[in-house]
Amino acid sequence: MKIFFLFTFSTFLLSAFEQAAASAHYDKILTHSRIRARDQGPNVCALQQVMGTKKKYFSTCRNWYQGAICGKKATVLYECCPGYMKMDGTRGCPAVAPIDHVYGTLGIVGATSTQRYSDMSKLREEIEGRGSFTFFAPSNEAWEQLNSEIHRNLVDNVNIELYNALHHHMVNKRMLTKDLKNGMTLVSMYNDQKLLINHYPNGVVTVNCARIIHGNQIATNGVVHVIDRVLTAVGNTIQDFIEVEDDLSSLRAAAITSDVLDILGRPGHYTLFAPTNEAFERLPRGVLERIMGDKVASEALVKFHILNTLQCSEAITGGAVYETLEGNILEVGCDGESLTVNGVKMVKRKDIVTSNGVIHLIDEVLIPDSAKQVIELGGAQQTTFTDLVAQLGLASSLRPEGQYTLLAPLNGAFSDDTLRMDQRLLKTILQNHIIKVKVGLNELYNGQELETIGGKLLRVFVYRTAVCIENSCMVRGSKEGRNGFIHIFRQIINPAEKTLHEMLRHDKRFSVFLSLVKAADLDDVLSRPGEWTLFVPTNDAFKGLTDDDKNILIRDKNALRNILLYHLIQGVFIGSGFEPGVTNILKTIQGGKLYLKTVNDTLLVNELKSRESDLMATNGVIHVIDKLLYPADLPVGNDQLLTILKKLIKYIQIKFVRDSTFKEIPLTFYSPEIKYTRITAGGSDNEEKLKKLLEEEVTKVTKFIEGDGHLLEDEEIKRLLQGEAPVRKVQPNRRTQGGAARRRTRLAYP
């Protein structure tokens, strides 16, 4: 019994899942339309009608809540759902529509023109009789919109032309919308002609790009779907159409040059946005010649006009992005009756249906980034940069066969003062924004150095949410062209020219801070190569500090170093590299923590505003502040020092713990120059003294190699330590006159 129950239950579940899977997009959208109209009574569906037209849709949620379709206002209509009808004196649509044969059903759904033509062509007897048919019946409006010459030819020859045309709208089996799968090909009842089915996620179902506007009207001998246009025969491929269409000769030449034309002759479901000859003629001659002469660029150009999905115009009720065969995307949308590509109305003729896709003729050539020269990648927000590059003669140095990276500042980065500079200086600035090699965003890493065409080395800094080069950080919009990348930056890039120490020395605002740095023996730290972030208080931060106060500070070197090194962080941290509004906790060399964040493009340090940030040095970056920083958790144990600090620091309460002392901070946190001490020969402890000195003074020793004898037997080291000879490179495994390998001590200088 249990086994029987489990079998029955599992069968029920499988059946339910199969039914759910079979539920197509059209039916889901129809279900939502019923839900929206539930207040109107049973079996009522809510539709949207585009104002000024007769076009009605069972709408997606997005279109419904926007109250618009293709950018045009849409009004809400309530109608009986397919298969139901009204009854006098009752709400909604409680009655089931009568079921009849296909011929009678044409009248029920209002396709009276198709019904009349079925009479005229002697099709009526067939669709009233035995069988199981699917009839894609053109609406009355569809017949009215048919080309007048085609319409006249059909009506003038009802027994053959009209009869065959109607048979072309029929399939010899019942197919509900749930059976009409996307990409399916049906065989019509006329000469086995193909009917291409597309079933889109927005609920639109098309047959040869004609939209089903009233589906699933069941008949005793089949089903009727009302469509919005009269179907024409489909025979040729997209390749066939291009080869015979005179207005596409330029596209044909580009497709042949790039070997793409053959792709469009293969089976598939393609969409081609085909530029006309007039569109090609509007391209600058130099651009067209360059692309046509470059097989890679011409292939990218043609493939950028091709989608690997079939997109009929009637299925596009809002903007969506589609990947092209070239690899980048196109945004395809609509504006009323017009199709748009990348937001521009450019489609002259739409829905030319072929056996392997659909063609839309456009009056503009779409050039992908991959077919452009790097200087052509600049957008509307980088025109100042690209114009200056051209005006100052730098564009001509960007050879088509070369590889470059442009670091393009936004237009707003160029102040009036910058634009008024001497052109030679301005050219130098621009050269600092052109890298000699092609570097993509995913190839950049922290600490990387990039050489410009002007010979400068620019440093790369990578943070959690930002990539910066020197003082400027990237914004979205990087692009790759035929001969390089372009990256967009917030500010003009200013390569560093001086060390931290030199910057302090040459700026009078920092004279007090610099004097304290010197007194604490920290000059060397700020002078040597490294990567530091230094928060520098201006002289205003020391107002009220007397000479006596300063002397007291200087005498307590541990205290002074603790205070100064609380302003120093290992690593280069650019202000605009921080994620806005998020607090970043960084450890200082003193050991305490600094809390940094940016608010409204202003850097805050322990909630104090930086007056000027991102002053780049060759060994770090300076952020200017107007207050002295002090760690809130560091107590002071000296009354005099407490009094001095209270004069300078009023934004926090300084802790006082009597007799507490500041820790000693040795200068081992950076790599000083090697210092040599003279050692006189003689004495058994010389070797130990030498080792001790080396361990204390040399920060990086790759190896001690001791020979069989004493270390001081090496005469070169003796002379070096006694100051009698300069440092010379020691060659490894250098042989003595006797041929034996002589072992040497190797020192590595930082």
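The second largest pocket is lined by 30 residues, and Cys473, Met474, Arg490, Gln491 and Ser576 are the ones nearest its centre. That pocket belongs to a predicted model, in which the chain has 25 helices and 35 strands. Here is a friendly tour, from the pocket and the cavities to a pair of helices and a few individual residues.

**The second largest pocket**

- The volume of the second largest pocket is about 760 Å³.
- Three elements, β27 (472-481), β32 (593-599) and β34 (608-617), give two or more residues to the lining of this pocket.
- Of these, β27 provides the largest share of the lining, at six residues.
- If you are thinking about chemical character, the lining residues of the second largest pocket split into 14 nonpolar, twelve polar and four charged.

**Enclosed cavities**

- The model has six cavities of 30 Å³ or more.
- The largest cavity has a volume of about 170 Å³.
- Its lining is made up of 18 residues, with Tyr57, Phe58, Gly203, Val204 and Arg211 lying nearest the centre of the largest cavity.
- At least two lining residues each come from α2 (25-36), β2 (56-57) and β12 (210-219).
- Strand β12 gives the most to the lining of the largest cavity, namely three residues.
- Sorted by class, the lining of the largest cavity holds ten nonpolar, six polar and two charged residues.

**The chain as a whole**

- The chain has 750 residues, and 47% of them count as buried.
- Taking contacts between residues at least 6 apart in sequence, 63% join residues at least 24 apart.

**Helices α8 and α9**

- Helix α8 (residues 148-156) packs with helix α9 (residues 158-167) at an angle of about 120 degrees, and their axes are 6 Å apart.
- The two helices are therefore oblique to each other, since angles from 65 to 115 degrees would count as roughly perpendicular and those over 145 as roughly antiparallel.
- On the α8 side of the contact are Asn153, Leu154, Val155 and Asp156, which meet Val158, Glu161, Leu162 and Ala165 of α9.
- The residues of this contact comprise five nonpolar, one polar and two charged.
- In α9, the buried residues are Val158, Leu162, Ala165, Leu166 and His167.
- Those buried residues of α9 pack against α5, α6 (124-128), β7 (133-138), α7 (140-145), α8 and β8 (170-171).

**Aspartate 119 in α5**

- Aspartate 119 sits in helix α5 (residues 112-120).
- With a relative accessible area of 33%, aspartate 119 is partly exposed, because that class covers values between the 20% limit for buried and the 50% limit for exposed.
- Setting aside its neighbours within four places in sequence, aspartate 119 is in contact with Tyr103 and Arg124.
- Although aspartate 119 and tyrosine 163 are 44 residues apart along the chain, their C-alpha atoms are separated by 9.9 Å.

**Helix α15 and the glycine after it**

- Thr384, Phe385, Thr386, Leu388 and Val389 are the buried residues listed for helix α15 (residues 383-391).
- The buried residues of α15 pack against β22 (404-409), α16 (416-419) and α17 (423-431).
- Just after α15 comes glycine 393, with a positive phi of about 80 degrees.

**Positive phi outside glycine**

- Aspartate 192 is not a glycine, yet it has a positive phi of about 55 degrees.
- The loop between β9 (185-187) and β10 (194-199) is where aspartate 192 lies.
- Aspartate 192 is exposed, with a relative accessible area of 59%.
- Asparagine 606 is not a glycine either, and its positive phi is about 50 degrees.
- Asparagine 606 lies in the loop between β33 (602-605) and β34, and β34 is also one of the elements that give residues to the lining of the second largest pocket.
- Asparagine 606 counts as buried because its relative accessibility is 18%, and buried means under 20%.

Technical notes:
Residues are numbered from 1 along each chain as its sequence is written. This is a predicted model: local features need pLDDT of at least 70, side-chain atom pairs count only at pLDDT 80 or more; totals for chains, interfaces and linings use all residues. Side-chain values use heavy atoms; hydrogens and water are left out. Axes are lines fitted to C-alpha atoms, for helices over the stretch in contact, and angles run from 0 to 180 degrees between N-to-C directions. Helices (H or I, at least four residues) and strands (E, at least two) are DSSP runs, numbered from the N terminus. Angles under 35 degrees count as roughly parallel, over 145 as roughly antiparallel, 65 to 115 as roughly perpendicular and the rest as oblique. Contact means heavy atoms within 4.5 Å. Ala, Val, Leu, Ile, Met, Phe, Trp, Tyr, Cys and Pro count as nonpolar, Asp, Glu, Lys and Arg as charged, and the others, Gly among them, as polar. On a 1 Å grid over the protein atoms alone, a cavity is a set of points where a 1.4 Å probe fits but cannot get out, and a pocket is an open set with protein on both sides within 12 Å along at least five of seven lines; lining residues have an atom within 4 Å of a point. Grid points are joined across faces, edges and corners, and a volume is the space filled by probe spheres set on the points. Buried means under 20% relative accessible area, exposed over 50%, partly exposed in between (1.4 Å probe, protein chains only).
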